[in-house]
Amino acid sequence: MNKLLKLSAASLLVFTGFSVNADTLSDVKSQGSLSCGVSTGTPGFSNPDSSGNWSGMDVDVCRAIAAATLGDARKVKYVPLSAKERFIALQSGEIDVLSRNTTWTATRDNSLGLNFAGVNYYDGQGFMVKKSLDVNSVKDLDGASFCIQAGTTTELNLADYFRSNNMKFKAVTYDTSPQTKGGFEAGRCDALTSDVSQLAGLRSTLKDPSSAVVLGDVISKEPLGPVVRQGDDNWFNIVKWSLNAMIEAEELGVTSATIDRTSTSPGVQRLQGKTGKLNEHLGLNKDWARNIVSQVGNYGESFERNIGMSTPIALPRGVNQLWIKGGILYSPAFR
Amino acid sequence: MFIKLKSLLYNNEVRAIAFQVLAVVFIAYFVYQAFDNMMLNIEQSGIRSGFGFLNDEAGFAVNDNFFLTYSPTSTNLQAFYVGIVNTLIVAITGIFFASVIGLVIGIARLSSNYLIRKMATVYIEIFRNIPILLQILFWYSTALSVLPSTRNSMNFLDSVFLNSRGLFLPKFIIGTEFYLVLASFIIGIVAYVFIKKRSTKKHDDTGIATNTIPHFLGLVVLLPIMAYFVFGAQLEYPALKGFNFQGGTDLSIEFFSLAFALSVYTATYIAEAIRSGIDSVDKGQKEAAAALGLRQGQAMRLVVLPQALRVAIPPIINQYLNLTKNSSLATAVGYSELVTIFSGTVLNVVGQAIEVIALTMLVYLTISLFISLVLNIFNKKMEIKGK
């Protein structure tokens with residue numbers, strides 16, 4: 001048995017091509033593009049249009065990293081991954097960074113050989129139910145069955161919540177998000193549970209969106225953010241500060257339209273790369289942060305363009321507002 | 001000495017062995033290096049390794065669970081067992097129905113009745129030529145849209161309910177009464193087997209046939225039912241409470257769709273194997289059976305099929321193996337078998353791909369080898385003796 005195990009493990013190794021890569025930045029530079037793991041289609045976060053162009057909050061993180069490292073936000077190779085595949089793809093070196101609505105949990109951070117580089121959306125788990133059920137709160141869903149996507153924290157949160165409230169439930173677990181939606185639409189389950197940000201998008205794609213309602217309850221915290229492999233601290237810093245640059249730009253009031261205007265503000269000048277040596281420690285060009293803001297925009301721009309009130313997803317800023325405006329978005333000091 | 005060595009070098013037999021030993025050493029070294037390299041990489045990239053995760057709390061719920069105790073507080077190992085049992089149950093169900101359908105269709109393929117023959121051909125040509133994954137998804141979405149919702153369930157005697165979520169059945173409450181009923185059922189079967197053996201022997205010795213159907217009905221059907229009423233075993237009935245049926249036991253619609261699709265698909269191959277088996281039996285055998293005065297059905301059952309199966313069993317073994325492996329497509333419809341539970345949810349929670357996938361592969365390998373073993377023994381038994 002032991003022999004068999006080793007054999008199968010070895011064949012796995014041959015096929016997945018495990019590799020430990022210590023210098024992701026120079027790899028990205030020599031390839032001329034950033035390999036970025038995204039979802040197979042989540043409206044507002046990472047979704048391809050009919051001509052194959054990706055857009056969304058998570059995609060903007062990929063673009064920001066490409067702008068910082070390669071000077072061109074378009075130089076990204078998107079690798080669509082299911083929830084089950086994502087960590088293996090990152091661990092095995094198939095992608096350079098994972099930006100795919102991935103919840104930052106202690107287990108993932110500590111035992112998968114991965115590092116979470118920050119949070120680009122503070123989410124929580126919510127519920128969508130059939131309007132005809134006349135349900136107003138999760139507390140009314142005792143004994144109900146739920147459609148869930150496999151391989152997500154959702155499965156665990158649901159079990160935790162119902163156990164702590166002494167309620168019963170049935171879980172029907174599907175492989176992908178469209179299948180989960182299909183099960184819900186066909187009446188296989190009473191409710192669909194997922195991150196609140198995705199529920200709005202899913203509801204808008206139902207055949208009859210008015211037949212379902214999203215409940216107000218949120219049962220968990222789901223901080224979503226980009227993930228990198230452990231063992232390459234410089235790359236970890238680049239990803240972390242690319243995201244911070246977008247948040248910092250919004251705080252400074254700099255947008256893609258105004259980044260190149262001459263400013264007397266020391267903060268803006270550092271962002272423009274006119275002063276300071278932030279780039280040297282990261283091994284990037286002086287205009288790395290400027291490229292991010294001019295090509296991708298600041299965090300607020302990205303938010304409004306992809307999931308803001310003017311889009312079909314229509315999510316309010318909520319906690320994803322800057323700390324100075326009552327939210328919890330906060331970039332460490334950019335100096 | 002030197003000459004002796006030299007002659008060894010040119011000895012064909014020695015050479016053959018030497019090259020084989022070299023090949024084994026080379027492969028073993030390669031495997032060892034690859035494994036060593038992998039373990040080193042895993043350690044360096046800070047990924048947890050080993051099988052300690054099996055004792056961690058699973059934390060997720062499972063929809064289909066047949067006999068095992070499982071709740072979100074159970075361990076990953078228990079989730080693993082639930083996955084294995086669910087895989088086995090859907091495989092066994094599929095193998096049973098695929099064999100029955102396959103046998104019927106295979107015989108129908110050779111029927112002298114034009115309509116039956118053509119219908120069997122159409123069945124085979126349609127279901128054999130559509131990918132199994134599409135068929136699973138098709139039957140699943142059909143079942144979901146055709147069957148009524150929970151509140152409008154089909155109701156059979158207020159104890160069995162069918163709706164788009166599954167089949168809800170009453171369940172025995174395990175206790176002394178239940179074991180007494182179970183015991184009477186087993187006694188009934190043993191007694192019937194005994195009677196059947198005696199009647200077969202009587203038939204062999206004297207040629208007088210005894211009808212054992214009344215014995216079957218009395219011992220295997222009536223006796224347990226009587227025992228049920230005499231001992232007063234308690235049943236727990238499913239009842240609609242709130243959103244779903246509570247109590248009793250249930251078979252999910254995912255299970256039905258998967259088992260049905262696998263049976264219907266694999267039956268086409270089994271039918272073809274049976275047909276070619278029957279075709280291989282010499283025509284003279286059938287004529288001889290007819291000359292002995294056997295009716296058509298008897299000739300098929302007693303003369304043709306035993307010889308046909310001899311040819312058909314090896315390809316049928318392959319189909320049983322395929323069915324078992326195809327059951328892993330369940331992940332598309334959400335039936336909680338091994339791949340869905342273990343290399344799906346557990347893998348994502350613990351993230352140890354190599355251990356999880358290796359264990360999953362090991363299970364499939366074991367199941368497949370076991371099926372091969374059993375059927376090879378059966379095949380040996382069916383072979384012409386003395387050949």
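Start by selecting helix α8 of chain A, residues 196-204, and color its buried residues: Val196(A), Ser197(A), Gln198(A), Leu199(A), Ala200(A), Gly201(A) and Leu202(A). Keep in mind as you click around that this is a predicted model. With 7 of the 9 residues of α8(A) buried, the helix is largely enclosed by the rest of the structure. Buried here means that 20 or more other C-beta atoms lie within 10 Å of the residue's own.

What do the buried residues of α8(A) pack against? Add β7 (121-123), β8, α7, β11 and β12 of chain A to your selection, and you have the packing partners.

From that group, pick out strand β8, residues 125-130 of chain A. This strand is largely enclosed too, because 5 of its 6 residues are buried. Now switch on the backbone and look to either partner. Strand β11 (residues 191-195) of chain A runs antiparallel to β8(A), and 5 bridges join the two. Strand β12 (residues 212-214) of chain A is also antiparallel to β8(A), this time with 3 bridges.

A handy residue to center on is Met128(A). Which residues are its bridge partners? In β11(A) the partner is Leu192(A), and in β12(A) it's Val214(A). Label those residues and you can follow the pairing across the strands.

Time to zoom out. Color chain A by its domain assignment: domain 1 covers 16-122 + 224-325, and domain 2 covers 125-220. Their C-alpha centres sit 29 Å apart. Where the domains meet, domain 1 of chain A puts in 17 residues and domain 2 of chain A puts in 13. Select the domain 1 side of that contact and color by residue type: you'll get 9 nonpolar, 7 polar and 1 charged.

Last stop: bring chain B into view. The contact between the chains takes 47 residues from chain A and 43 from chain B. On the chain A side, these elements each supply at least two residues: α1 (2-16), α4 (86-91), α5 (106-111), α6 (153-164), β10 (170-174) and α7 (177-185). Which element should you select to see the largest share? Go for α1(A), which brings 10 residues to the side that touches chain B. Color the whole chain A side by type, and the split is 23 nonpolar, 13 polar and 11 charged.

Before you close the viewer, reselect α7(A). This helix turns up in two of your selections: the buried residues of α8(A) pack against it, and it supplies at least two residues to the side of chain A that touches chain B.

Conventions
Residues numbered from 1 in each chain as written. Chains lettered and ligands numbered in written order. Predicted model: local features only at pLDDT ≥ 70, side-chain atom pairs only at ≥ 80, totals over all residues. Domains from an automatic or database assignment. Contact = placed C-beta atoms within 7 Å. Nonpolar A, V, L, I, M, F, W, Y, C, P; charged D, E, K, R; others polar. Buried ≥ 20, exposed ≤ 12 C-beta atoms within 10 Å, placed from the backbone. Helix = DSSP H or I, 4+ residues; strand = E, 2+ residues; numbered from the N terminus. Pairing = 2+ DSSP bridges.
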